[in-house]
Amino acid sequence: MKKVLSSVLAASMVLSLAACGSTATTSESSSASTEATSSTAATGENAGSGSYTGTPIKIGGIGPITGAAAVYGNAVKNAEELAIKEINDANGSDVFEWQFEDDENDAEKSVNAYNTLKDWGMQILAGPVTTTPSVAVAAETVNDNLFMLTPSASSLSVILNDGNDESTARGNVFQICFTDPNQGVASADYIADNGLPTKIGVIYDSSDAYSSGIYEKFKAEAEVKGLEIVAAEAFTADNKADLSTQLAKCQEAGAELVFLPIYYQEASQILIAADKIGYEPEFFGCDGMDGILAIEGFDTSLAEGLMLLTPFAADAQDEKTQAFVAAYEAAYGETPNQFAADAYDVIYSIYQAVLAGGINGDMDASEISDALKTQFTSMTFDGLTGTGMTWDATGAISKNPKAVVIKDGAYAAM
């Protein structure tokens, strides 16, 4: 849990979960301070064009802003609010109206939130945030032919109706995050290609689609790359209170690197347990690890040297990232995570498609959905989480990820 690496990456990433009943609208919520620096990080030329003169388009957002996954949902909510405020201000009149519903990372509550937004008049859905609620809501959007772009729900089951068969793509559901299989492959490739230890222990959640999906692809790619998985220890949502047994088995098997395709809450338990027994392997996670530094009462020194794949690093020195981070910190008093960056890209990519496709709020949701599908499968988008982003007909994205390491209690680009 120590070493710091540096290198570049070429592969893919992701995430999952969801939220319940509190509502925020652009007219009622103004936490994105009017004094915040306007970042226009994603599509600067369009954001300042003032070219939209139609009826405002109603965008709904869904995610967990209360409960265990709230760190994800609040980041998404804040970034959506910030992006919409920037766009409307730059245009000189409202391009979008926006309302956000809490689903508490619960599928049934997420569907209820979707219906609430439909009653409000939602024409585009920016969400949900996590996978299980997104799968449930995606099925509803198909029935309504309403365009859905999730910032962070990464399972293939979000965009496909049946397993991994691309012929069953929902058609109207898109992701701005990487799919789970891509994260598994990317992680194995990164470990193999950057001289990390090849004796691998894995601890994963077999009851979670995100975790088990990444593990299965990691396992297959590890074999191709000559990595030896010496221990693969599972837990479930019902027995994750103590993960010391799984960690001890990795230690007994001689694992020099422990791969953790899990969320940060469970990962923090593992890091605490490793410290207690003096076990110091390398630890490597995926995007669900983002948030570990924000756990109340967690000793962040235990995460020193932890590596994770992510599409965004807040300390990157490019102009777009720096402008976004400055605006977000001014508005919300904290540094944005990758979920915020993904959500910001969701709104700006929709905005680009709206301008290019001549879409306006006088169109019904189904007409808007058809127009957005045409735009998203033909356009290229430059955002915070990647340049040259494109989407295929399944709704899956193609973009390059980044890797970060926790150094001195903060995420540092690798």
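For the residue classes used here, Ala, Val, Leu, Ile, Met, Phe, Trp, Tyr, Cys and Pro count as nonpolar, Asp, Glu, Lys and Arg as charged, and the others, Gly among them, as polar. With that in hand, the lining of the largest pocket splits into 14 nonpolar, eight polar and three charged residues. The model is a predicted one, and the pocket is a handy place to start.

The largest pocket holds about 480 Å³ of space. It is lined by 25 residues, and D290, T335, P336, N337 and Y411 sit closest to its centre. Two or more lining residues come from each of helix 2 (70–91), strand 11 (307–310) and strand 16 (410–413). Helix 2 is the top contributor here, giving five residues to the lining.

Strands 11 and 16 also turn up in an open sheet of seven strands, which has the order 8-7-9-10-11-15-16 and mixed pairing. Strand 8 (228–235) and strand 16 are at the edges with a single partner strand each, so each has one side without a neighbour in the sheet. On average, neighbouring strands of this sheet are turned by 25° against each other, ignoring direction. In general, the strands of a sheet pair through backbone hydrogen bonds, in either a parallel or an antiparallel way. At the strand 8 edge, strand 7 (residues 199–205) and strand 8 run parallel and are joined by seven bridges. To pick out one pair, G201 has A231 in strand 8 as its bridge partner.

Two helices lie across this part of the sheet. Helix 8 (residues 244–252) covers strand 7, strand 8, strand 9 (257–260) and strand 10 (282–285), and its direction makes an angle of about 170° with strand 8. Helix 9 (residues 264–277) also lies across strand 7, strand 8, strand 9 and strand 10, but here the quoted angle is to strand 10, at about 180°.

Further along the chain there is a helix pair to look at. Two packed helices are described by the angle between their axes and the distance between the axes. For helix 11 (residues 338–357) and helix 12 (residues 365–376), the angle is about 100° and the axes are 9 Å apart. Angles from 65 to 115 degrees count as roughly perpendicular, and helix 11 and helix 12 are therefore roughly perpendicular to each other. On the helix 11 side, the contact involves S349, I350, A353, V354, A356 and G357, which meet L372, Q375 and F376 of helix 12. By class, the residues of this contact come out as six nonpolar, three polar and no charged.

There is also an open sheet of three strands, ordered 12-13-14 and with antiparallel pairing. Strand 12 (381–383) and strand 14 (397–398) are its edge strands, each pairing on one side only. Strand 13 (residues 386–391) pairs with strand 14 in the antiparallel sense through two bridges, and T390 is found opposite S398 of strand 14.

Finally, a couple of backbone details deserve a mention. The peptide bond between G127 and P128 is cis, with omega at about -10°. P128 belongs to the loop between strand 4 (124–126) and helix 4 (131–144). E104, which is not a glycine, nonetheless has a positive phi of about 55°. That residue, E104, is in the loop running between strand 3 (96–103) and helix 3 (107–120).

Definitions and conventions
Residues numbered from 1 in each chain as written. Predicted model: local features only at pLDDT ≥ 70, side-chain atom pairs only at ≥ 80, totals over all residues. Heavy atoms only, no water. 1 Å grid on protein atoms, 1.4 Å probe; cavity = no way out; pocket = protein on both sides within 12 Å on 5 of 7 lines; lining within 4 Å. Points joined across faces, edges and corners; volume = space filled by probe spheres on them. Helix = DSSP H or I, 4+ residues; strand = E, 2+ residues; numbered from the N terminus. Pairing = 2+ DSSP bridges. Axes fitted to C-alpha atoms, helices over the stretch in contact; angles between N-to-C directions. Contact = heavy atoms within 4.5 Å. Parallel < 35°, antiparallel > 145°, perpendicular 65-115°, else oblique.
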